[in-house]
Amino acid sequence: MKNTLILVLLALSAPLAAASYTPSVDVVTNAVFSRNLSIEKEVLDNRTLFALSIDASPLSVTFARRHTLTLGVRVSFVSDSLEYCNTVLLGSRRFALQLGFEERFGAFLIALDASLGYALVNRQDLGYSFIEAGLEAGFSITDYLALLARTAFVYRREFAEVQTGLVFHLNLPSGILGGER
């Protein structure tokens, strides 16, 4: 019985031997194209905004130096839209919990993520919930730095957004908060 238990524990721990702790930080710049879904005949129902996001993934594990699963947070600052016909779509400050998956093919990377968050509207006492799904593709510059192109879709009540931008992805080196092992 004791030998069987030891063999089962060894078999279960084998995949974990190929796992490494890899926290990361991303800086994301986006152009945001927002569309109002509730007003049918608005003069300009599409608005352009700009966003800056910081993603921190303290819970990130890489398997076999190729597959990475992350759980993190995203903090975003979205500007007000450009003025048109004396109207402006107000920007927001957003906080989201994010789940992501990244796959490496040599120096090439592709990543998917999904977020659930809450935003506070600039200069207003109101907020809204949103969901976000994103796709990133790019390449590694070094072992710790990558440059990716990002496209994301954000849905919130009465609005849909498409975001396109650049991601500067930094994996922390080993020895800093554990880093890659």
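Trainee: What does the secondary structure of this protein come to?

Mentor: One helix and nine strands. Keep in mind that this is a predicted model. From the N terminus on, the order is α-β-β-β-β-β-β-β-β-β.

Trainee: How much of the protein counts as buried?

Mentor: Of its 181 residues, 38% do. The protein exposes about 10800 Å², and carbon and sulfur atoms supply 69% of that.

Trainee: What share of the contacts between residues at least 6 apart in sequence join residues at least 24 apart?

Mentor: That share is 55%.

Trainee: Let's try single residues. Why is Gln-163 called buried?

Mentor: Set the value against the cut-off. Buried means under 20% relative accessible area. Gln-163 has 5% relative accessibility, so it counts as buried. You'll find Gln-163 in strand S9.

Trainee: Which residues does Gln-163 touch, leaving aside its neighbours within four places in sequence?

Mentor: Asn-30, Ala-31, Val-32, Arg-94, Glu-132, Arg-150, Thr-151, Ala-152 and Val-154.

Trainee: What makes the link between the side chains of Gln-163 and Asn-30 a polar contact?

Mentor: The distance is part of the test: a polar contact needs a pair of N or O atoms within 3.5 Å. The side chains of Gln-163 and Asn-30 are joined at 3.2 Å, and 3.2 Å is within 3.5 Å, so the distance passes.

Trainee: And Ala-149, why is that one called partly exposed?

Mentor: Partly exposed covers the range between the buried cut-off of 20% and the exposed cut-off of 50%. Ala-149 has 44% relative accessibility, so it falls in that range. Ala-149 sits in strand S8, residues 145–156. Not counting residues up to four places away in sequence, Ala-149 touches Leu-135, Glu-136, Ala-137 and Gly-165.

Trainee: How far apart are the C-alpha atoms of Ala-149 and Asn-30?

Mentor: They are separated by 9.8 Å, with their positions 119 residues apart along the chain.

Trainee: Is Leu-172 buried or exposed, and how do you know?

Mentor: Leu-172 has a relative accessible area of 15%, and 15% is under 20%, so Leu-172 is buried. Leu-172 belongs to the segment after S9. Its C-alpha is 9.8 Å from that of Asp-143, and the two residues are 29 apart in sequence.

Trainee: Now the empty spaces. What makes a space a cavity and not a pocket?

Mentor: In a cavity, a 1.4 Å probe fits but cannot get out, whereas a pocket is open. This structure holds one cavity of 30 Å³ or more. The largest cavity has about 60 Å³ of space, so it clears the 30 Å³ mark.

Trainee: Which residues line the largest cavity?

Mentor: Among them are Gln-163 and Asn-30, along with Arg-94, Glu-132 and Arg-150. S4 gives the most to this lining, with three residues. By class, the lining has three nonpolar, four polar and four charged residues.

Trainee: And what is the volume of the largest pocket?

Mentor: About 430 Å³. The largest pocket is lined by 27 residues, and Thr-68, Glu-102, Arg-104, His-169 and Asn-171 lie nearest its centre.

Trainee: Which strand supplies the largest share of that pocket's lining?

Mentor: S5 does, with five residues.

Trainee: How do the residues of the lining of the largest pocket divide by class?

Mentor: Into five nonpolar, 13 polar and nine charged. As for what makes Glu-102 and Arg-104 charged, Glu and Arg are both in the charged class, so these two count as charged.

Conventions: Residues are numbered from 1 along each chain as its sequence is written. This is a predicted model: local features need pLDDT of at least 70, side-chain atom pairs count only at pLDDT 80 or more; totals for chains, interfaces and linings use all residues. Side-chain values use heavy atoms; hydrogens and water are left out. On a 1 Å grid over the protein atoms alone, a cavity is a set of points where a 1.4 Å probe fits but cannot get out, and a pocket is an open set with protein on both sides within 12 Å along at least five of seven lines; lining residues have an atom within 4 Å of a point. Helices (H or I, at least four residues) and strands (E, at least two) are DSSP runs, numbered from the N terminus. Buried means under 20% relative accessible area, exposed over 50%, partly exposed in between (1.4 Å probe, protein chains only). Contact means heavy atoms within 4.5 Å. A polar contact is a pair of N or O atoms within 3.5 Å; within protein, one must be able to donate a hydrogen and the other to accept it, and residues adjacent in sequence count only if both atoms are side-chain atoms. Accessible areas come from the Shrake-Rupley method with a 1.4 Å probe; for residues, only the protein chains shown count as cover.
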